[in-house]
Amino acid sequence: MNNNLTSMPEPRRSVAFVGSECYPFVKTGGLGDVMYALPRALTAQNCDVKVILPRYKCIPWKYQEKMVYRGSFTMDLCADGRRYYVGIMEYVWDGVVYDFIDNEEFFSWGNPYTNLVDDIPKYCFFAKAALAALNYMDWIPDIIHCHDWQAALVPVYLRTVFEGTRVAFAKAILTIHNLRFQGIYDIPTVKYWSGLPDYLFDYHVLKQGVDDANMFKGGLTYADMITTVSKTYADEIQTPFYGEHLDDHLRYHSGKLCGIVNGIDVEQWDSETDKLLAANYSVEDVLVGKPQNKMALQEKLGLEQDPDKFVIGLISRLTDQKGLDLVNAILPNLIDGNTQVVILGTGDARYENSFRYYENTYKGSVCSCIMYDEGLAHQIYAGADALLVPSLFEPCGLTQLIAMRYGTVPIVRETGGLKDTVQPYNMFTNEGNGFTFDRYEAGLLWEAVIRAKTLYFTGREYWDEMVIRDMEKDVSWDNSAAQYRALYMMLRP
Ligand code: ADP
Ligand code: GLC
């Protein structure tokens, strides 16, 4: 065997990420985390990565002021040939190049999303401008890696109106982070704004139902490869329950579909160095550090200060995806004098209001922070004993990964990435990372919480061992970034 082969440097690959959000510039959920962490992990694995994003007005000034003008041009977009300004503002940070597509008309409001009436034109423009910008900069990557429906027209444009231009050399990957949102609108509107030719508004590409166009569907058709963010979700979305009306389309394209589970950036999420915590701790002193963070959290939120209370955290967008109906159903039963519940999230009014109601009713035991607060999120991950993620569906889920990294035991429903990342506790072998339940039923969530509480209050040494196992679990991007890299190599050998 030739030993030199193993020591040969891996060939370099260039990748353009295209997506609608990226921490720390703009983030509404896990997509923002992935767009930040995966490019960094790929850079460490011999990839050149450019991240293409909209230059939203809501991006904090401290980043805007560091952006450098890279050039501009005008681009035709709509069916009537209307032309738009495309500016490119560049920001280079830690080996990753961020190119922000600038256009006041599309990106001046929203946080970053508003409603489909505005968002459909916005992301037609963004997808086309991203490809035009690559041609303009003459930076032709091996791979264009697109994320969710907002970037789904990229593969469609690439293989149609951009065919014959330099950027068409690139292969396209489309990653599904959440199939719930697809960019669906009536055909005339999408046809007008995208300027795409009539033949694409066919059932195999963009057409859906009687007279709608579905941007995600078109992207799935034209992508060279489709990935999603866990193996279980890759299977689930091929069934009617999880498929959001695209299950047949995905089954048809299943030959180019695979699941690669997300990781988290272990430098960003590190309890040993996290400046937002009351006390830093590592796996060696977690049993001391966690109660300190718990007490600080209780004090900050006006909860009864007692390190022996069992503190359950929930950090989430407040939508029906996240299993909040189950939480609502069992919350009053959780409050028994030994348990506290801390909720951090924003979203649907019905959940915001019910959680406010519970805070009022159970003052001192329940705290509902109806807001988006990065700092408080870190403090809850560190200060809580357990984190609830009882989702109806969960493509991957990052909060359970962050929780484990901070020694907080996840209580999750066995779906999507939750199933793939949380091994259920086995009381006979003393193995596992958290507590799980399968069917979407409040009674089963309740039982899972009771199992967790029982271990916490009556078998603390086993609980503590689980905390340590969780902190030692590899939740980094290393492994998954290597799988993406292998995919890039397969598409562009
Ligand atoms: P999703 O992308 O479906 O919202 P994920 O679990 O993948 O779910 O990612 C959620 C991310 O958003 C995590 O980083 C979590 O900490 C963060 N997050 C969610 N809600 C809030 C909030 N209200 N304040 C701060 N961070 C939040
Ligand atoms: C989506 C999913 C979530 C996933 C995230 C990042 O928002 O809801 O499960 O972790 O994208 O891939």
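**Exercise 1. Find what share of the protein chain is buried, and state how its overall dimensions compare with those of a compact globule.**

Step 1. Of the 493 residues in the protein chain, 61% are buried; buried means under 20% relative accessible area, exposed over 50% and partly exposed in between, with a 1.4 Å probe and protein chains only. The model is predicted: local features need pLDDT of at least 70 and side-chain atom pairs count only at pLDDT 80 or more, while totals for chains, interfaces and linings use all residues. Residues are numbered from 1 along each chain as its sequence is written, chains are lettered from A and ligands numbered from 1 in the order in which they are written, and side-chain values use heavy atoms, with hydrogens and water left out.

Step 2. A compact globule of 493 residues would have a radius of gyration near 23 Å, and the 23 Å of the protein chain agrees with this. The radius is taken over C-alpha atoms, and the globule rule is 2.2 Å times the number of residues to the power 0.38.

Step 3. The C-alpha trace spans about 70 × 60 × 45 Å along its principal axes.

**Exercise 2. Describe the sheet that contains β8, β9 and β10, and identify its edges.**

Step 1. The protein chain has 19 helices and 18 strands. Helices (H or I, at least four residues) and strands (E, at least two) are DSSP runs, numbered from the N terminus.

Step 2. The open sheet has three strands in the order β8-β10-β9, with antiparallel pairing; two strands pair if DSSP finds at least two bridges between them.

Step 3. β8 (184-186) and β9 (207-208) each have a single partner strand and stand at the edges, so one side of each lacks a neighbour in the sheet.

Step 4. Between β8 and β10 (residues 212-214) there are three bridges. D186 has D212 in β10 as its bridge partner.

**Exercise 3. Work out how β3 and β4 pair, and which residue of their hairpin takes a positive phi.**

Step 1. β3 (residues 68-76) and β4 (residues 83-93) are antiparallel and share eight bridges. M75 is bridged to Y84 in β4.

Step 2. Six residues lie between the strands of this hairpin, and G81 has a positive phi near 80°.

**Exercise 4. Characterise the surroundings of I226: buried or exposed, and which residues does I226 touch?**

Step 1. I226 belongs to strand β11 (residues 225-228).

Step 2. I226 has a relative accessible area of 0%, so I226 is buried.

Step 3. Leaving aside residues up to four places away in sequence, I226 touches L174, I176, L220, H253, K256, L257 and C258; contact means heavy atoms within 4.5 Å.
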